[in-house]
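Here are some notes to read alongside the model, written for someone meeting it fresh. Please keep the viewer open as you go through the points.

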Amino acid sequence: MKRKWKIVLILSLIGNLCIFYVAYKALEYRAHINHFLDKYTHVTAEFSERSVFEQDNARLKGSPPAGNRVVFFGTQVIKKWDLKRYFENYEPVNRGVAGQRASGFLLRFKPDVIELEPMAVLIELSSYNFRPENTVKELEDYVSLIAQLSRVNGIEPILTTVIPPAVDVEVEGHGDYSVHDSLKVYNDWIRTYCTDNEYALADFYSILADSNGYLSGNLASNAVEPNEEGYGLLSEAVLKTLQNVKVTAGLSD
């Protein structure tokens with residue numbers, strides 16, 4: 001074989017190898033893109049549960065609120081609350097998602113609250129958000145941002161203290177971490193925050209905690225949730241708060 005044909009053959013092989021390499025890297029790059037796209041989809045859709053109330057949100061947006069719509073926004077404590085039983089003079093909208101982390105609240109706050117145009121929104125944070133990897137300051141930032149978003153959009157926020165667990169729950173892998181200590185810091189902060197910013201407060205902790213700071217046994221259905229009597233007491237407190245919110249709104253008009 002002549003030398004020039006050998007050179008052509010070698011160059012052709014090198015060219016084909018380059019093509020195969022570029023094709024391989026393109027497929028690898030596409031796989032990376034799909035991987036991160038799947039993660040994004042999981043965060044925005046599955047993690048935040050934005051799709052849970054999609055159909056009901058569309059229904060509510062099709063019928064303008066009568067002026068007494070209140071969204072209850074939070075976790076399983078909200079999800080299991082029989083709102084229509086206790087709030088018959090209002091249009092209560094349940095937007096509770098079991099196991100919801102505070103970081104997921106922001107991802108669904110617009111479709112589940114703001115776009116429904118309620119007069120008020122009750123914002124409930126559950127005790128399992130308190131972990132060493134989630135500082136109390138981070139949780140304070142999440143809640144304060146949601147409260148500010150509410151008021152900017154003409155929705156009166158009703159913040160709540162955190163219901164304590166019934167026992168001194170140990171966080172797996174962090175035996176020295178005290179959930180109740182963090183709850184106290186957060187609850188003290190939110191009481192002051194509401195006073196300083198003139199936000200309504202429903203003090204769930206004071207209603208349901210026993211003398212030791214645990215969820216009272218006669219008001220609990222399990223380690224973290226109230227029973228029927230507990231829900232009745234919470235409802236009475238929220239109704240009183242809503243009456244004050246309504247009076248304040250009327251005076252400001």
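**Notes on the fold, cores and cavities**

1. Let's start with the chain as a whole. Among its contacts (heavy atoms within 4.5 Å) between residues at least 6 apart in sequence, 70% join residues at least 24 apart. The chain has nine helices and seven strands, where helices (H or I, at least four residues) and strands (E, at least two) are DSSP runs numbered from the N terminus. Of its 253 residues, 42% count as buried; buried means under 20% relative accessible area, exposed over 50%, and partly exposed in between, with a 1.4 Å probe and protein chains only.

2. A word on the ground rules. This is a predicted model, in which local features need pLDDT of at least 70 and side-chain atom pairs count only at pLDDT 80 or more, while totals for chains, interfaces and linings use all residues. Residues are numbered from 1 along each chain as its sequence is written, and side-chain values use heavy atoms, with hydrogens and water left out.

3. Which residues have the most contacts inside the largest nonpolar core? They are V121, L125, F130, L159 and Y186, in a core of 29 residues. A nonpolar core here is a set of buried Ala, Val, Leu, Ile, Met, Phe, Trp, Tyr and Cys residues joined through side-chain atoms within 4.5 Å. Two or more residues each come from β1 (69-74), α5 (102-112), β3 (120-123), α6 (136-152) and α7 (179-197). Helix α7 gives the most, with six residues. As general background, nonpolar side chains tend to be buried together in soluble globular proteins.

4. L125 is a good residue to click on. Leaving out residues up to four places away in sequence, L125 touches A102, F105, F130, L139, V143, T160, V162 and Y186. Apart from the largest core lies another, of 26 residues, with I158, I163, A200 and L242 among them.

5. L125 turns up again at the largest cavity, whose lining consists of Q76, V77, E124, L125, S126, S127, V162, I163 and V224. On a 1 Å grid over the protein atoms alone, a cavity is a set of points where a 1.4 Å probe fits but cannot get out; a pocket is an open set with protein on both sides within 12 Å along at least five of seven lines, and lining residues have an atom within 4 Å of a point. The count comes to one cavity of 30 Å³ or more, and the largest holds about 50 Å³ of space. Grid points are joined across faces, edges and corners, and a volume is the space filled by probe spheres set on the points. Its lining has five nonpolar residues, three polar and one charged. In this sorting, Ala, Val, Leu, Ile, Met, Phe, Trp, Tyr, Cys and Pro are nonpolar, Asp, Glu, Lys and Arg are charged, and the others, Gly among them, are polar.

6. Now for the second largest pocket, with about 150 Å³ of space. D56, R59, L60, K84, E91, P92, V93, N94 and R95 line this pocket. Both α2 (54-61) and β2 (91-96) supply at least two of these residues, and β2 has the largest share, with five. By type, the lining divides into three nonpolar, one polar and five charged residues.

7. R69 deserves a look too. This residue lies in strand β1 and is buried, with a relative accessible area of 1%. Beyond its neighbours within four places in sequence, R69 is in contact with L60, S63, P64, E91, V93, L116, P118, M119 and A120. The C-alpha atoms of R69 and N89, 20 residues apart along the chain, are separated by 9.7 Å.

8. Where do the buried residues of α5 sit around the helix? The buried ones are A102, G104, F105, R108, F109, P111 and D112. Seen down the axis of α5, they fall within an arc of 165 degrees, so they line one face of the helix; the arc is taken from the directions from the helix axis to the C-beta atoms. K110, also in α5, is partly exposed at 49% relative accessible area.

9. Finally, two backbone spots to check. Most residues other than glycine have a negative phi. E117, in the loop between α5 and β3, has a positive phi of about 55 degrees and is exposed at 55% relative accessibility. E198, in the loop between α7 and β7 (200-202), has a positive phi of about 60 degrees and is exposed at 66%.
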